[in-house]
Amino acid sequence: MRASELIQEGAHKSSLTQDGGVEFRQVRYADPQTQRLIKQLNRRIFTDELIDTSRDAQATWWIAYQGDQVAGYCAILPRGRGGYLARSGVLKDFRGQGLQKQMIALRLRYAREQGWPWVVTDTHKQNEASMRSLEQMGFQPYRPRHPHMPRSWAAQSRFWIYRFS
């Protein structure tokens with residue numbers, strides 16, 4: 001997927017981070033072209049998942065590029081005094097290269113800059129790759145008192161927390 005095919009002037013480049021040959025561009029979700037790009041990526045990565053966009057505008061978003069190819073995306077939301085790793089996905093052609101860990105690290109740096117004492121997230125119980133990446137990045141399993149999702153989703157999810165020291 002070529003970046004130029006999906007996004008023209010819409011993904012405002014407000015910050016840029018380089019990690020291992022991958023360029024992360026912070027984008028504004030309020031931009032209609034950015035919304036289309038993220039929804040396209042979400043459909044390609046998670047073919048059976050419904051897209052809930054109710055809180056997406058509150059999140060800070062990045063698009064990952066390898067050269068001129070869009071490789072994935074990620075977001076983080078403020079959650080109470082901390083943060084929530086809201087969404088992330090890597091296109092099939094770019095999997096197995098450590099991009100998910102780079103996106104976790106990027107969002108942890110952002111959370112630390114915000115002064116948040118912790119970050120939480122969740123994964124599907126069968127998503128071994130995501131759970132492994134989170135564990136390798138220092139996340140610990142935990143049980144939230146009030147998951148911010150429907151009960152049916154919570155029953156299929158594992159919850160993770162990262163505490164800054």
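This briefing walks through a helix, a group of paired strands and a helix crossing. Please keep in mind that the model is predicted. Two points to start with: strand 8 is largely enclosed by the rest of the structure, because 5 of its 7 residues are buried, and helix 3 and helix 4 cross at roughly 50°.

**Helix 2**

- Helix 2 covers residues 32-45, and its end C-alpha atoms are 20 Å apart. At 1.5 Å a residue, its 14 residues should span 20 Å, so the model agrees with the expected value.
- At the N-terminal end, Asp31 acts as the cap, with a side-chain oxygen 3.0 Å from the backbone nitrogen of Gln33.
- Gln33 is also one of the buried residues of helix 2, a list that continues with Thr34, Leu37, Ile38, Leu41, Asn42 and Ile45.

**Strand 8 and its partners**

- Strand 8 spans residues 157-163.
- Strand 6 (residues 118-124) pairs with strand 8 in the antiparallel sense, over 7 bridges. Within this pairing, Val120 stands opposite Ile161.
- Strand 7 (residues 140-141) also runs antiparallel to strand 8, joined to it by 2 bridges. Here Gln140 has Ile161 as its bridge partner.
- Ile161 of strand 8 is thus a handy residue to look up in the viewer: Val120 stands opposite it, and Gln140 is bridged to it.

**Helix 3 and helix 4**

- The axes of helix 3 (residues 99-114) and helix 4 (residues 128-136) come within 10 Å.
- Their crossing angle of roughly 50° means that the two helices are oblique to each other.
- The crossing of helix 3 past helix 4 is right-handed.

Key: Residues are numbered from 1 along each chain as its sequence is written. This is a predicted model: local features need pLDDT of at least 70, side-chain atom pairs count only at pLDDT 80 or more; totals for chains, interfaces and linings use all residues. Side-chain values use heavy atoms; hydrogens and water are left out. Helices (H or I, at least four residues) and strands (E, at least two) are DSSP runs, numbered from the N terminus. The expected span of a helix is 1.5 Å times one less than its number of residues. Buried means under 20% relative accessible area, exposed over 50%, partly exposed in between (1.4 Å probe, protein chains only). A polar contact is a pair of N or O atoms within 3.5 Å; within protein, one must be able to donate a hydrogen and the other to accept it, and residues adjacent in sequence count only if both atoms are side-chain atoms. Two strands pair if DSSP finds at least two bridges between them. Axes are lines fitted to C-alpha atoms, for helices over the stretch in contact, and angles run from 0 to 180 degrees between N-to-C directions. Angles under 35 degrees count as roughly parallel, over 145 as roughly antiparallel, 65 to 115 as roughly perpendicular and the rest as oblique. A crossing is left-handed if the near helix is turned anticlockwise from the far one by less than a right angle, and right-handed if clockwise.
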